[in-house]
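Please look over the sequence and the structure below before reading on. The paragraphs that follow lead from one helix to its partners and then out to the surface.

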Amino acid sequence: MVFVGYLPLALSESLDTNFDIGPVSVFAPALFFASLGFISVLSLQSVLLQNPTVLLGTAGLVLATVLSTVLYGLSVYDQTDNARTKIKSAMRATGYTDLLLLTVLLLFLIPIIAFPASPQVDSGVLNLYEHFLGYALGFMTPYIARTQLPGLFVFS
C-alpha cells in the first residue's frame, strides 16, 4: 500500500515536469484526498450499515475529503496558466494518456483489493488499519520530504 500512497505524488510530479500542470505541492494532495475518501468508505464497508455512528462518521469523513479535494483542485486551476490548453496537450501526447489512465486506475483499483468487503479470512481477520497506515505514510512521507526539503528530490 505504500507504493499506492506514493502514486498521487509521482503522477503530479510527472504532470508538472512534462506539461507544467499544477504545482506538485497542490495537485498531489488533491489526488490523495480524492482517493482517501474512497478508501475511507472501503475500509469501513463491513460495519457501515450496522452502526449509525460509523455511518455518520464516515459520511463526515467523505464530506471533508470531497471538500479538501475541491479546494485543492480549485487552487490548482487558479495557479496554472491556461490549464485547459495544458491538459489537452497532455492528453494528446503519445504514451502519457496511457500512463495517466493506468496510474488513476491503479490508484482506485488496488484499494478495492486491499480493503475487501469482509475483512475476515480463514484463519483470522485482515488488518485494515495497517493497509490504511501504509497508504497514508506512503503519501505523507515523500510529500513532506519534497515540500520541506526541496533539494532532496531533484528531477530534471
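A residue is called buried here when its relative accessible area is under 20%, exposed when that value is over 50%, and partly exposed in between, as found with a 1.4 Å probe and protein chains only. The model is a predicted one, in which local features need pLDDT of at least 70 and side-chain atom pairs count only at pLDDT 80 or more, while totals for chains, interfaces and linings use all residues. Residues are numbered from 1 along each chain as its sequence is written, and side-chain values use heavy atoms, with hydrogens and water left out.

The chain contains six helices and two strands, which come in the order α-α-α-α-α-β-β-α along the sequence; these elements are DSSP runs numbered from the N terminus, helices being H or I over at least four residues and strands E over at least two. Its C-alpha atoms fill a box of roughly 50 × 30 × 30 Å along the principal axes, and of the 156 residues 33% are buried.

Helix α6 takes in residues 128-148, and because its 21 residues at 1.5 Å each should span 30 Å, the 30 Å between its end C-alpha atoms agrees with expectation; the expected span is 1.5 Å times one less than the number of residues. At its N-terminal end, Asn127 acts as a cap, with a side-chain oxygen 3.2 Å from the backbone nitrogen of Tyr129. The buried residues of α6 include Leu128, Tyr135, Phe139 and Tyr143, and the buried residues of this helix pack against α1 (2-19), α2 (24-43) and α5 (96-114), a contact being heavy atoms within 4.5 Å.

How is α6 also linked to α1 through charged side chains? Glu13 and Arg146 form a salt bridge with an N to O distance of 2.6 Å, where the term requires a side-chain nitrogen of Lys or Arg within 4 Å of a carboxyl oxygen of Asp or Glu. Glu13 belongs to α1 and Arg146 to α6, so the pair ties together parts that are 133 residues apart in sequence. Glu13 is buried at 9% relative accessible area, whereas Arg146 is partly exposed at 22%. By this rule the count comes to one salt bridge.

Turning to the surface, the chain exposes about 9,400 Å², of which carbon and sulfur atoms supply 68%; accessible areas come from the Shrake-Rupley method with a 1.4 Å probe. Leu105, found in helix α5, is partly exposed at 47% relative accessible area.

Technical notes:
Polar contact = N/O pair within 3.5 Å; in protein donor to acceptor, adjacent residues only side chain to side chain.
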